[in-house]
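Me: Please pick one part of this model and go through it closely with me. I'm new to this, so take it slowly and tell me how you read each step.

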Amino acid sequence: MIRIGIIGTGGMARVHAEEFSKIANCEVVAACDLNASRLASFVEAHNIPYAFGSVEALLSSGQVDAVSIVTPDPFHKNLSIQALEAGMHVLCEKPLALNASDAKEMADAAKKAKCINMVNLSYRNAHSLQKARELIAMGRIGNIRHVEASYLQSWLVSPKWGDWKTEDTWLWRLSSAHGSKGVLGDVGVHILDFVRFPVGDFASVNCTLTTFDKAENNQIGEYHLDANDSALITARMNNGAMASIHASRWATGHLNDLRLVIHGDKGAVKVSLQLDQEWDRLEVCLDDDVIDCVWKELKCDHTPNIYQRFIQSILSGVQDQPDFEAGLQVQRVLDACEQSDQSGQTVLL
Ligand SMILES: NC(=O)c1ccc[n+]([C@@H]2O[C@H](COP(=O)([O-])OP(=O)(O)OC[C@H]3O[C@@H](n4cnc5c(N)ncnc54)[C@H](O)[C@@H]3O)[C@@H](O)[C@H]2O)c1
């Protein structure tokens, strides 16, 4: 039985607790948060026996074998390294770190500790994405020419997930001083990985980031709302393909939708996720259908999710993906996007 401790008990921690509770051979036995009342209601809601007010107390308790780090982004690096040095296996939330040099320290610490390490690039769980990657690897769409990808959210417009003007869980995401890298770090990381996973590495990026006005002086309480909320990226991939990628929190009419279309010289694949609808769909235009541009939906095999793969890796001792090294590679693309926005130039990777 793998004993898990969850560090950070806010919005996303609920998903970690629920997903681990569905897996045989593991049990969430501990949780940790600096916010005592949030911690207390979390352990009660998920029936977790041990609650710790500090990470040091959790790591030295002898009660856990592995941790899930579900804190805001600025804490990922130190908490991961502390946990790895204490001999824990680590599943860390995305983005892995605030920049590539921090992510490199984490990847190095993971290699040194020889513990299982994974980053929760959770949309690799999509059956459609895994199948699309498989078709591409088999050469079914030929040489890739174009990639079109978007991650569209609308929580700055729609109150469906809560009120961003009053709730900390949203406000920190809008403020650089609170460690947010804006939409680029929050969901841009997912869509860049969504492209990189089936298509391969990025050769160069050109990126424009925008922060739209959203409050008087763009200030609410302690939060200065300066983090980007829309990102537009054009990229060249190592295989020569061109990509256009968009991430936004202002995509009115789209609550939480990812789309990826990959066009090759023999065929094309289209992945569509509507996360609030649990919609995960793959359409393909292959073989003779290329002539009349006919798209057909393809059924996809079930893919184990990252929580399941994390536990399986610990049990088997065989590191699965995406590991910290994969998190680092996406982080390098994120840094290049920021540099491109600041310089107005294309940045080579
Ligand atoms: N993979 C995904 O699809 C996905 C989805 C949502 C959020 N996330 C990621 O999950 C992380 C957390 O997001 P959230 O929405 O749950 O945030 P949140 O603000 O709702 O919760 C974070 C919690 O961490 C606690 N915390 C902060 N510093 C701490 C520390 N040093 N030790 C212990 N606890 C600490 C806070 O008190 C808070 O309760 C972020 O990195 C975010 O990017 C990932």
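Reply: Let's start with D201, which counts as partly exposed at 36% relative accessibility. Keep in mind that this is a predicted model. The side chain of D201 meets that of R196 in a salt bridge, with 2.7 Å from N to O. R196 is a buried residue, because its relative accessibility is 16% and the cut-off for buried is under 20%. So this pair has a partly exposed acid, D201, and a buried partner, R196. Elsewhere, K94, R173, D186 and R249 are joined into one network by salt bridges that share partners. Hold on to K94 and R173, since both names come back below.

How many salt bridges are there altogether? The structure holds 23 of them. Let's look at two others.

One links K104 and D108, whose closest N and O atoms are 3.0 Å apart. Both residues sit in helix 5 (residues 100-113), and because they are four residues apart there, about one helical turn separates them. D108 is partly exposed at 35% relative accessibility, and K104 is also partly exposed, with a value of 41%.

The other pairs D287 with R140, and here the closest N and O atoms are 2.9 Å apart. D287 is in the loop between strand 15 (279-285) and helix 9 (289-292), while R140 is in the loop between helix 6 (127-137) and strand 7 (144-153), so this salt bridge ties together parts that are 147 residues apart in sequence. D287 counts as exposed, at 51% relative accessibility, because exposed means over 50%. R140 is partly exposed, at 28%.

Now for the ligand, where those two network names return. Which residues are closest to the ligand? They are D33, R38, D73, T169 and R173, out of 25 residues that surround the ligand. R173 is also one of the residues in the salt-bridge network. Sorted by class, the shell has 11 polar, eight nonpolar and six charged residues. Why can we say that the ligand lies between two domains? Because domain 1 (2-122 + 309-321) and domain 2 (127-302) both give residues to the shell.

Zooming in on single atoms, you can follow several contacts to oxygen atoms of the ligand. The side chain of T169 has an N or O atom 2.8 Å from one. W172 has a polar side-chain atom 2.9 Å from a ligand oxygen. K94 takes part through its backbone: an N or O atom there is 2.9 Å from an oxygen atom of the ligand. As for cover, the ligand has 860 Å² of accessible area on its own, and the protein covers 88% of that.

K94 is worth one more stop. Its peptide bond to P95 is cis, with omega near -15°. Why is that worth pointing out? Because most peptide bonds are trans. P95 lies in the loop between strand 5 (89-92) and helix 5, and helix 5 is the one that holds K104 and D108. Another cis peptide bond joins Q321 and P322, with omega about 0°. You'll find P322 in the loop between helix 10 and helix 11 (324-343).

The backbone has some unusual phi values too, since most residues other than glycine have a negative phi. E278 isn't a glycine, yet its phi is positive, at about 50°. It lies in the loop between strand 14 (268-274) and strand 15, and E278 is exposed, with 75% relative accessible area. C293 also has a positive phi, near 55°. This residue is in the loop between helix 9 and strand 16, and C293 counts as exposed at 57%.

Last stop: the loop between strand 16 (296-297) and helix 10 (306-316), which is where H302 sits. N305 is in that loop as well. Is H302 buried or exposed? H302 is exposed, at 63% relative accessible area, whereas N305 is buried, at 13%. A polar side-chain atom of N305 is 3.1 Å from the backbone nitrogen of Y307. H302, for its part, has its C-alpha atom 8.6 Å from that of A126, although 176 residues separate the two along the chain.

Technical notes: Residues are numbered from 1 along each chain as its sequence is written. This is a predicted model: local features need pLDDT of at least 70, side-chain atom pairs count only at pLDDT 80 or more; totals for chains, interfaces and linings use all residues. Side-chain values use heavy atoms; hydrogens and water are left out. A salt bridge is a side-chain nitrogen of Lys or Arg within 4 Å of a carboxyl oxygen of Asp or Glu. Helices (H or I, at least four residues) and strands (E, at least two) are DSSP runs, numbered from the N terminus. Buried means under 20% relative accessible area, exposed over 50%, partly exposed in between (1.4 Å probe, protein chains only). A residue is near a molecule or strand if one of its heavy atoms lies within 4 Å of it. A polar contact is a pair of N or O atoms within 3.5 Å; within protein, one must be able to donate a hydrogen and the other to accept it, and residues adjacent in sequence count only if both atoms are side-chain atoms. Accessible areas come from the Shrake-Rupley method with a 1.4 Å probe; for residues, only the protein chains shown count as cover. Ala, Val, Leu, Ile, Met, Phe, Trp, Tyr, Cys and Pro count as nonpolar, Asp, Glu, Lys and Arg as charged, and the others, Gly among them, as polar. Domain bounds come from an automatic or database domain assignment.
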